Amino acid sequence: MVHGSPNLPGIDVSSYSLTLEDGGGFIGDRASGRAFFGILDELRSPLCRAGTDPFGGKDTDDLSHKDIDKAWRKGDAFAAGLVHTSIEEFARRLAGVVRAYRSADENWAKVTRIVVGGGLRDSRIGEIAIGRTTAILRLESVAVDLVPIKRDPDEAALVGGLRLIPGERLRGCSQLLAVDIGGSSIRAGLVNFSAKHPHKLARAAVVAHAQWKYGDEKTKPSRDEAIGKLAQMIDGLRKKAGDDLADVMTVACPGRITPDGDIRDGAQNLPGNWEAKDFNLPATLAAALDDEFEIVLHNDAVVQGLSEADRMKDVRHWAVVTIGTGLGNAAYRNTAS
């Protein structure tokens, strides 16, 4: 199997990790998870100085999605208004990113539905921002709808890995080990799936899960430490698997992936240098696991979006954006009749 393949069972990956720049940096960064908290922080600054901040002066970086959801749902009118203003500004920026992608890339120009995943989606404020973005685009006669990813964002890139593997390669198996490497955490999971219909993801489920939030560590780990920790997580999950575990494992990772499994452009938020010419993630991880598994690597936004493939059969061209540490993106074309 080829890493980062544009041709998958029933689906072509027509574009991913699209990077557009303007004078202020990457356009996608305007609508990342960091950007939302930056908007909120900017709005709170004068309120904190005046002693009227509805969050009691707590640092914005220390606020969780639940804290902000609570202010929206149960806070007074002033707190809810502050959150509403943040959502409105974020939705305006996200709509601008979508317009930029559609203007710059012919594949994005054909997209009629965009799945939104990532950590911000897993909150009420995220869902409202998604709906508001669709409304802004419709008012501008842009024929594209944004919909929240259906699966838990923490599991989507684990289950979506099944769509990287040809069905015949999974024959006789009903379990898969999958990994999702992000800008602040690494997740691994044991996925159960239908042995008869491995690509029907509605029948797939993560039955065991491990997560390492390395972004919370006082000292940022090295790349080798991260690989070692990941190997330990996988080993623990492997012990929970049955005899029908597939001998192939999927890994989702930021960046552009070469057919040989090298990572180019986009992995700068990971611990250490994952884009080094002398580093190959599939080979390094396979060696750490005693070459027990063949590893197939693809971009994390691509794999997270693939978890929605079953729900996108009614459209020809669709896409995903993942609102996390950065803004991941991918566009697809359904090829199955």
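A residue counts as exposed when its relative accessible area is over 50%, and as buried when that area is under 20%. In this predicted model, Asp290 has a relative accessible area of 66% and is therefore exposed. Asp290 is located in the loop that connects helix 8 and strand 13. Its phi angle is near 60°, a positive value in a residue other than glycine. A positive phi is also found at Ser17, where the value is near 50° and the residue is again not glycine. Ser17 belongs to the loop between strand 2 (11–16) and strand 3 (21–22). With a relative accessible area of 15%, Ser17 falls under the 20% cut-off and is therefore buried.

The loop of Asp290 leads from helix 8 to strand 13, and strand 13 is part of an open sheet of five strands. The strand order in this sheet is 9-8-7-10-13, with mixed pairing. Strand 9 (205–212) and strand 13 (294–299) are the edge strands; each has a single partner strand, so one side of each lacks a neighbour in the sheet. On average, neighbouring strands of the sheet are turned by 20° against each other, direction ignored.

The partner of strand 13 is strand 10 (residues 245–253), and the two pair in the parallel sense over six bridges. Among the bridge partners, Thr250 is matched with Val296 of strand 13, and Cys253 is matched with Asn299 of strand 13. Helix 8 (residues 281–288) packs on the sheet and touches strand 7 (175–181), strand 10 and strand 13. The direction of helix 8 makes about 145° with that of strand 13. Although strand 13 stands at an edge of the sheet, five of its six residues are buried, so the strand is largely enclosed by the rest of the structure.

A second region concerns the packing of helices. Two packed helices are described by the angle between their axes and the distance between the axes. For helix 2 (residues 65–74) and helix 5 (residues 124–139), the angle is about 70° and the axes are 8 Å apart. An angle from 65 to 115 degrees counts as roughly perpendicular, and helix 2 is therefore roughly perpendicular to helix 5. Helix 2 contributes Ile68, Asp69, Trp72 and Arg73 to the contact, and helix 5 contributes Arg124, Ile125 and Ile128. By class, the residues of this contact comprise four nonpolar, no polar and three charged.

Ile68, Asp69 and Ala71 of helix 2 are buried. Viewed down the axis of helix 2, the buried residues fall within an arc of 160°, so they line one face of the helix. Their cover includes helix 1 (33–50), helix 3 (77–104) and helix 5. Lys66, Lys70, Arg73 and Lys74 are exposed on the other side of helix 2. An α-helix has 3.6 residues a turn, so residues three or four places apart point the same way.

Arg73 appears both in the contact of helix 2 with helix 5 and among the exposed residues of helix 2. The relative accessible area of Arg73 is 59%, which is over 50%, so this residue counts as exposed. Arg73 and Arg124 are 51 residues apart along the chain, and their C-alpha atoms are separated by 9.0 Å.

Technical notes: Residues are numbered from 1 along each chain as its sequence is written. This is a predicted model: local features need pLDDT of at least 70, side-chain atom pairs count only at pLDDT 80 or more; totals for chains, interfaces and linings use all residues. Side-chain values use heavy atoms; hydrogens and water are left out. Two strands pair if DSSP finds at least two bridges between them. Helices (H or I, at least four residues) and strands (E, at least two) are DSSP runs, numbered from the N terminus. Axes are lines fitted to C-alpha atoms, for helices over the stretch in contact, and angles run from 0 to 180 degrees between N-to-C directions. Contact means heavy atoms within 4.5 Å. Buried means under 20% relative accessible area, exposed over 50%, partly exposed in between (1.4 Å probe, protein chains only). Angles under 35 degrees count as roughly parallel, over 145 as roughly antiparallel, 65 to 115 as roughly perpendicular and the rest as oblique. Ala, Val, Leu, Ile, Met, Phe, Trp, Tyr, Cys and Pro count as nonpolar, Asp, Glu, Lys and Arg as charged, and the others, Gly among them, as polar. The arc is that of the directions from the helix axis to the C-beta atoms.
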